[in-house]
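Colleague: Got a minute? I'd like to go through this model with you before my next meeting.
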Amino acid sequence: MKKVIFIFITTLIVSCTTMETGRYSGLTLEEKLIEKRVDSVLNLMTLTEKIGQMNQYSTWGEPTGPGAEESLRMEDLKAGKIGSFINLTGAENTRIVQEIAMNETRLGIPLIFGLDVIHGYRTIFPVPLGEAASWDLERIEKSARIAAIEAAASGIHWTFAPMVDICRDPRWGRIMEGAGEDPFLGSLVAEARVKGFQGENLEDPNTIAACAKHYAAYGAAEGGRDYNTVDISERTLHEIYLKPFKKAAEAGVRTFMNSFNEIGGIPATGHPELVPEILKKDWGFRGFVVSDWNSIGEMIPHGYARDMAHAAELAITSGTDMDMQAGCYTRELDTLVMNGIIDEKLIDEAVRRILRIKFQLGLFDDPFKYCDPDREKEMILHPDHIEHARDIARRSIVLLKNDNGLLPISKDKKTIAVIGPLADDQDAILGEWRAKGLSEDAITLKRGIIQAIGENGTILYAKGCEIDDDSDEGFAGAVNAARLADVVIVALGESALMSGEALSRGNIGLPGNQEELLKAIHRTGKPVILVLMNGRPLTIQWASENIPSIIEAWLPGIRAGNAIADVIFGDYNPSGKLPVSFPYVMGQIPVYYNHKNTGRPMQPEQRYTSKYLDIPNEPLYPFGYGLSYTTFEYSELKLSSEIMGMEDELSVSVIVKNTGDRAGEEVVQMYVRDMVGSVTRPVLELKGFSKILLEPGQEKEVEFKLTAADLAFYGADMQFKPEPGTFKVFVGTNSVDLSEAEFALKE
Ligand code: GLC
């Protein structure tokens, strides 16, 4: 502890000196004080200790990548060769290791503990793709806030979230971890999650540093196969994949994580533009960049680095400040400096960034502020957290179909058959990346329905089949249960490990024999409600053509059963909208709403136009789609002007009316189309949305503002600016059912 006091006094003395040197210009006083403290610590460090700060290992906890170190690496820690651990959790465990760092290393620089807190710490929320379907930024931020409170109470300083990768290919398992296909929605969700994790002041002990990942374009992997090659244009990189990262940086995210993939032949971890030029220079990012798990070392199999020394050189010169689990920095950087291959200034810059975040977290002032077992007991699974988990889960549910108004079903006395491999599976509903979530905490659909109707009905349960095998042994029991019921709820979908990292699927239909089970139940002639629980869009063409009511519940987290029951029985009127397109069949992939028009846009009767012989161009369910138990009518789309100057603000308004008999929320969406540009432009781009609550018969005027900046894009010269010309503006309930108006943007 004496060392910390020594450092503190040193930094205090140093920090009183003048601070108007170049490096500090433009900083606030608080930032300058931290910079002085950082510099004072840096000046005390040996090269070995500096490199130690850049070295991160996984230990004690469940490894989240290949070849994890099993030992705690005690000798490395004591030699000051480790600056961060991941996957170590718990107020007590982190205190033990932090005490070693503080008391048994020469300088006593605090460790920073990281963990993948992706959709909850112990109170698990819907998977992020599901949460995005709520389009409820305030509640999405609240989920991250709660996750931070629980993680911080358990010794965690830093989460490797939000994952902000845009994805247009549902074969990719990690589509589950992001916010879908659209950069506008994805950017706002990224911002909400960063704010939730980091709170107002990172020094607060219930806040954690966030991490925008995976930088960049990881979701564009060819074939939807994880870690696969990415080869996209610079324009697509900027227009689609970088936007949520830029928004996260603007929101003050403290760290970035680079991605495993190459982009156009250069691995992101060693890319000379991505971090040094775009992130750190153009965007002014002052946090630090951590590699992904061994992504530095993997530049060797990429065929981009000769060996670990070369990989270390490429990574450090490309702005990767911390090495997660590759061991390249700790093994090679000192020699590279000694041999004059890299300048120690690069090391200093990386260490400065790392120390800066440790200071901002308050770890130098109190390295044990996150190690309070009493706070951990109080915060984990707090009732308020669990209530929010139920609330955000039901708001994430998307009603895909409800022919003849089968839903909601009343709670009056009836026999309900609850069938399917997802009906009572406590594990699947937590999804991957569940941090310290425990399946025993989870309420399944079966339990949720029992809790909802209590003694007022009879529940007949039959699993029917497994999630992913070909047996039909359970069909007979399921069919019998269905025959005895007044209404049948069939719960189908994916297991927790069918979406997430290294979990891509070449066939995204219902796994195993599930569709056959559904057909067997359908043949009973009973009214069937299909509840899907899955981490990605699925190809459900048969179900969409034959099953009258379909609910997309995603993997809804710890209170899945209650949330789905709330929707099934009408205690909550579903309001979710798809953040990603559901393909008609696999052959459509990639299919997304903000596509280009081509020179031969599809005309059904014209052979020589862009279409398929055997399937439509449109997805089965489009981006922004979702039904309600009530109905909404849009009218009176108005523009404040038909001409807009570069400095003007255009008002776009519409009247939305609840024309049904129950209150409901509607996500009113606004899109634009730039009709002609110096490069081709998408047929539609989301530029605004508003989630509103309307009582039966109530109507509201919803207004959006458009500025020329909202219409900017990367033109032929790759400059980001609007171009004068004709635009269309669209407003409606999804990306297809829209009313439109036109305006001109003038110089
Ligand atoms: C994994 C993931 C990354 C995660 C990291 C630490 O390989 O790609 O998202 O944050 O390793 O677990």
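Modeller: Sure, let's go through the ligand, some strands and a few backbone oddities.

Colleague: Before that, what kind of model is it?

Modeller: This is a predicted model.

Colleague: Fine. Which residues come nearest to the ligand?

Modeller: Thr 64, Asp 116, Arg 174, His 214 and Asp 292 come nearest, out of 13 residues around the ligand.

Colleague: What are the polar distances to the ligand's oxygen atoms for Thr 64, Asp 292 and Glu 501?

Modeller: For Thr 64, an N or O atom of the side chain is 2.5 Å from a ligand oxygen. Asp 292 has a polar side-chain atom 2.6 Å from an oxygen of the ligand. With Glu 501, the distance from a side-chain N or O atom to a ligand oxygen is 3.1 Å.

Colleague: And how much of the ligand's area does the protein bury?

Modeller: The protein buries 100% of it. Taken alone, the ligand exposes 310 Å². The space that the ligand takes is the largest cavity.

Colleague: Switching to strands. Which strands does β1 pair with?

Modeller: Strand β1 covers residues 55-58. It pairs in the parallel sense with β10, residues 323-324, over two bridges. It also pairs in the parallel sense with β2, residues 84-86, over three bridges.

Colleague: Which residues face each other there?

Modeller: In β10, Met 324 is the bridge partner of Gln 56. On the β2 side, Tyr 57 stands opposite Phe 85.

Colleague: Are the faces of β1 covered or open?

Modeller: Both faces are covered. Asn 55 and Tyr 57 are buried on one side, and Gln 56 and Ser 58 are buried on the other. In a regular strand, side chains alternate between the two faces of the sheet.

Colleague: What about β21, how many of its residues are buried?

Modeller: Seven of its 10 residues are buried, so to speak of β21 (residues 685-694) as mostly covered is fair by the definition of buried, under 20% relative accessible area. Strand β20, residues 664-674, runs antiparallel to β21, and nine bridges join them. One of the bridge pairs is Tyr 671 with Leu 686 in β21.

Colleague: New topic. Where does Thr 539 sit?

Modeller: Thr 539 is in the loop between β15 (528-533) and α20 (541-546). The Thr 539 side chain reaches the backbone nitrogen of Gly 509 at 3.3 Å.

Colleague: Why does Thr 539 count as buried?

Modeller: Because its relative accessibility is 13%, and the cut-off for buried is under 20%.

Colleague: Now the backbone. Which peptide bonds are cis?

Modeller: Two to look at. The bond from Ala 161 to Pro 162 is cis, with omega near 10 degrees. Pro 162 is in the loop between β4 (158-159) and α8 (183-198). The bond from Ile 589 to Pro 590 is also cis, with omega near 0 degrees. Pro 590 lies in the loop between α21 (560-568) and β17 (632-639).

Colleague: And what is the phi of Trp 135?

Modeller: Phi is near 50 degrees for Trp 135, a positive value in a residue other than glycine. Most residues other than glycine have a negative phi. Trp 135 is in the loop between α6 (128-132) and α7 (137-152). Trp 135 counts as buried because its relative accessibility is 2%.

Colleague: How about Trp 433, buried or exposed?

Modeller: Trp 433 is buried, with a relative accessible area of 11%. Its phi is positive too, about 55 degrees. Trp 433 lies in the loop between β12 (415-419) and α17 (445-453).

Conventions: Residues are numbered from 1 along each chain as its sequence is written. This is a predicted model: local features need pLDDT of at least 70, side-chain atom pairs count only at pLDDT 80 or more; totals for chains, interfaces and linings use all residues. Side-chain values use heavy atoms; hydrogens and water are left out. Buried means under 20% relative accessible area, exposed over 50%, partly exposed in between (1.4 Å probe, protein chains only). Helices (H or I, at least four residues) and strands (E, at least two) are DSSP runs, numbered from the N terminus. Two strands pair if DSSP finds at least two bridges between them. A residue is near a molecule or strand if one of its heavy atoms lies within 4 Å of it. A polar contact is a pair of N or O atoms within 3.5 Å; within protein, one must be able to donate a hydrogen and the other to accept it, and residues adjacent in sequence count only if both atoms are side-chain atoms. Accessible areas come from the Shrake-Rupley method with a 1.4 Å probe; for residues, only the protein chains shown count as cover. On a 1 Å grid over the protein atoms alone, a cavity is a set of points where a 1.4 Å probe fits but cannot get out, and a pocket is an open set with protein on both sides within 12 Å along at least five of seven lines; lining residues have an atom within 4 Å of a point. A molecule sits in a cavity or pocket if more than half of its atoms lie within 2 Å of its grid points.
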